[in-house]
Amino acid sequence: MQITSEQLLSKHGCPCPYCLRLMNVHSEVLRPSRDHVRPRSRFEETRIFIVCQECNQIKSDRTLEEWIAFLSCKNLELERNLLLNNHRLKNLEYLLHMGLT
């Protein structure tokens, strides 16, 4: 499935499915970007989500299950990041439970 530039731009102001922060085309951190739910480097077919740039970079080439494990054991120093990671964990677990991956 191809995600066009217009589709990315249309997500301005929509929540990132991973962290629920509002995506913003004018922000480097919150800019909408394409995320292959299952990394292309390891899987032929993969679903694509439009997520914020920061979540996409942190997830890197992990599957959602691997990212959950990574966030669960990651010792982050800033309280804001811990809270944000807790939001990410809950949303990721929900996505997996609903079979959206």
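Hi everyone. Helices here are DSSP runs of H or I with at least four residues, strands are runs of E with at least two, and both are numbered from the N terminus. With that in hand, the chain reads α-β-β-α-α-α along its sequence, which gives four helices and two strands.

A word on where this comes from. This is a predicted model, with residues numbered from 1 along each chain as its sequence is written. Local features need pLDDT of at least 70 and side-chain atom pairs count only at pLDDT 80 or more, while totals for chains, interfaces and linings use all residues, and side-chain values use heavy atoms, with hydrogens and water left out.

So how confident is the predictor? pLDDT is its confidence in each residue, from 0 to 100. The chain averages 81, and 85% of the residues score at least 70. Among the elements, strand β1, residues 32-36, has the highest mean at 93, and helix α4, residues 79-97, the lowest at 70. Over residues 76-80 the pLDDT drops below 50, and beyond near neighbours in sequence that stretch has four contacts in the model; a contact means heavy atoms within 4.5 Å.

Now the chain as a whole. Of its 101 residues, 37% are buried, that is, under 20% relative accessible area, with exposed meaning over 50% and partly exposed in between, using a 1.4 Å probe and protein chains only. The accessible surface is about 6600 Å², and carbon and sulfur atoms own 52% of that; these areas come from the Shrake-Rupley method with a 1.4 Å probe, and for residues only the protein chains shown count as cover. Taking contacts with a separation of 6 or more, 46% join residues 24 or more positions apart.

Next, the cysteines. How many disulfides does the structure hold? Zero, where a disulfide is a pair of cysteine sulfur atoms within 2.5 Å. Why is Cys52 not bonded to Cys55? Because the sulfur of Cys52 is 3.6 Å from that of Cys55, its closest cysteine sulfur, and that is too far for a bond. Seen from Cys55, the closest cysteine sulfur is likewise the one in Cys52. Cys52 is buried, with a relative accessible area of 0%, and Cys55 is also buried, at 0%.

Last stop, Asn56, which sits in helix α2, residues 53-59. Is Asn56 buried or exposed? Buried, with a relative accessible area of 16%. Setting aside neighbours within four places in sequence, Asn56 touches Ser33, Arg34, Asp35 and Val51.

Thanks for listening!

Conventions: pLDDT = per-residue confidence, 0-100.
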